[in-house]
Amino acid sequence: AVVDVKSGREVFAKEPALALNPASVVKLFTSAVALDRLGPDHRFETAILVDGDTVFARGGGDPMLTQEELLALVAEARKKLGTVRRVVVDASAFGGASLPPGYGKKNTDAPYRASTAALALDSGVTELHIVPTTDGQPPKVISVRPAGGYLLIKNEARTVQGPGATIRVRVRRQGERSEVVVTGRIGKRRKPMTFFRRIDAPGLAAGYVVAHALGLGGQVSLGKTPPGAKLAARRSSKPLREILAVLNKQSDNFIAETLVRSIPKTSGAHWEAGRAVVRQWLADQVGLDPARFSYQNGSGLYEGGRFSSHDVVRLLLAMDRHRHREVYRGSLSVAGQDGTLKSRLRDSGGRVLGKTGTLDQVSALAGYVRGRSGRWLAVSVLVNEPGKGARRFRGLQDQLVRLALELL
């Protein structure tokens, strides 16, 4: 579907009412509702509090909190702490399961399928370095993040002669923690290898980082902060406008799913509460028929939603009239310059602002295109091609966008 933004006139369409899986184009809907409900200057707060000999690490849903930032917060808080013996993680700002809806379709420890929590570090992902040692000995397995004792390392690998490697790293649930199983071979002359994997309980993992920084070992549990706890330190996240730019330009699943849980603006909100707000907003503000679209999760992973190209362009038109339209547009990739469109449409001169969507059987592109006269078009191209590999349709999408650049 190609629509003139100013007049709403349809310029071109082919099966625009057919509801398809748009993959990560779903993030356009998630980011629009988050921007409207929370505002571009919204910040998420993380706090360290103390009650007696217990430290409480309270998360407020910051989707970009890093281990380094949490360690700096703990260092600041130590000035106000006496003798402490345990750490309690307060992740009660979010309720329900940590794994987003639909993510159970595949059982993989890939980082794009991360669990979420109100207190989570580094997108809920672990970073591991595998370093060769001497012939016949296990390599070193270094947990760069998360620090502390959350990860249980099971090293079954061996160092061998030569520069090759057959290392395999798997992460699986082990009680309340995650176990890393390393197998295979790594050559003595091989450079250190880096692996990123999802972890099952990002809230607890953050608690172990706090306990490690305080020299407490593994005295970590989940709970709520009591009313009488005293604030020791707190930090605010980047403003939402900057978070949305990372979300859409880099197509970050973790940010998208974390925002779904923040949208209701009520403590302890479950997944369905966030999804219900999105569905209602799309009905009220965009005019979409809830019976004709599906919004299952915030990122579009797996069967994350069903929308038609008409639905997508109607959203784009609504956001062009929105009070935060410039923030919304600024969150999109600029073709040929940044994000997931950096290597595409390099000759478009910054006149294409878009969001891609890619799965094994899905290829999608949607956004704003400025025609040769300066008029803007809203464009949505959705392709579902079961069993054939839809990525091959990117060239067709780019051709259609190039035609749109010459229109109006």
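# Reasoning from values to labels

Trainee: In the hairpin of β10 and β11, which residue takes a positive phi?
Mentor: Gly175, with phi near 65°. Two residues lie between the strands of that hairpin. Keep in mind that this is a predicted model.

Trainee: What makes β10 and β11 a pair?
Mentor: Count the bridges. A pair needs at least two. Seven join β10 (residues 168–174) to β11, and the strands run antiparallel. So the pairing criterion is met. One bridge sets Val169 against Val182 in β11.

Trainee: What is the sense of pairing between β8 and β11?
Mentor: Parallel, over five bridges. Strand β8 covers residues 151–155. Lys154 has Val181 of β11 as its bridge partner. Both senses occur in sheets, because strands pair through backbone hydrogen bonds either way.

Trainee: Why is β11 called mostly covered?
Mentor: Each residue is judged by relative accessible area, and buried means under 20%. In β11 (residues 177–183), six of the seven residues are buried. Strand β19 (residues 352–359) is mostly covered too, with seven of its eight residues buried.

Trainee: How many bridges join β18 to β19?
Mentor: Two, in the antiparallel sense. The threshold is at least two, so β18 (residues 333–334) and β19 count as a pair. Val334 stands opposite Leu353 in β19.

Trainee: What joins β19 to β20?
Mentor: A hairpin, through two residues. Eight bridges link β19 with β20 (residues 362–370), again antiparallel. Leu353 turns up here as well, opposite Tyr368 in β20.

Trainee: What makes β7 and β13 edge strands?
Mentor: Each pairs on one side only. The open sheet has three strands in the order β7-β6-β13, with antiparallel pairing. The edges are β7 (140–145) and β13 (193–198). Neighbouring strands here are turned by 30° against each other on average, direction ignored.

Trainee: How many bridges support the pairing of β6 and β7?
Mentor: Five, in the antiparallel sense. Strand β6 covers residues 125–131. Val131 stands opposite Lys140 in β7.

Trainee: What is the peptide bond from Arg145 to Pro146, cis or trans?
Mentor: Cis, with omega near 0°. Pro146 sits in the loop between β7 and β8. Most peptide bonds are trans.

Trainee: What stands out about phi of Glu15?
Mentor: Glu15 has a positive phi of about 45° although it is not a glycine. Ala23 is another such residue, with phi near 55°. Most residues other than glycine have a negative phi.

Trainee: Is Glu15 buried or exposed?
Mentor: Exposed. Its relative accessible area is 55%, and the label starts over 50%, so Glu15 earns it. Glu15 lies in the loop between β2 (10–12) and α1 (26–38).

Trainee: Does Ala23 count as buried or exposed?
Mentor: Buried. At 1% relative accessibility, Ala23 is under the 20% limit. The loop between β2 and α1 holds Ala23.

Trainee: Why is α5 called roughly perpendicular to α6?
Mentor: The angle decides. Helix α5 (residues 253–262) and helix α6 (residues 271–286) pack at about 90°, with axes 7 Å apart. The perpendicular class runs from 65 to 115 degrees, so α5 is roughly perpendicular to α6.

Trainee: Which residues make that contact?
Mentor: Glu257, Val260 and Arg261 from α5, and Trp271, Gly274 and Arg275 from α6. They divide into two nonpolar, one polar and three charged. Gly counts as polar in this scheme.

Trainee: How do you know whether Arg275 counts as buried or exposed?
Mentor: Compare 12% relative accessibility with the 20% limit: Arg275 is buried. Apart from neighbours within four places in sequence, Arg275 is in contact with Pro101, Val260, Tyr295 and Gln296.

Trainee: Is His324 buried or exposed?
Mentor: Buried. Its relative accessible area is 17%, under the 20% limit. His324 is in the loop between α7 (309–320) and α8 (325–330). Setting aside neighbours within four places in sequence, it is in contact with Leu35, Gly39 and Pro40.

Trainee: What makes the link between the side chains of His324 and Arg323 a polar contact?
Mentor: The distance is 3.4 Å. The cut-off is within 3.5 Å, and for residues adjacent in sequence both atoms must be side-chain atoms. Here the contact is side chain to side chain, so the pair qualifies.

Notes
Residues numbered from 1 in each chain as written. Predicted model: local features only at pLDDT ≥ 70, side-chain atom pairs only at ≥ 80, totals over all residues. Heavy atoms only, no water. Helix = DSSP H or I, 4+ residues; strand = E, 2+ residues; numbered from the N terminus. Axes fitted to C-alpha atoms, helices over the stretch in contact; angles between N-to-C directions. Buried < 20%, exposed > 50% of the residue type's maximum accessible area, 1.4 Å probe, protein only. Polar contact = N/O pair within 3.5 Å; in protein donor to acceptor, adjacent residues only side chain to side chain. Contact = heavy atoms within 4.5 Å. Parallel < 35°, antiparallel > 145°, perpendicular 65-115°, else oblique.
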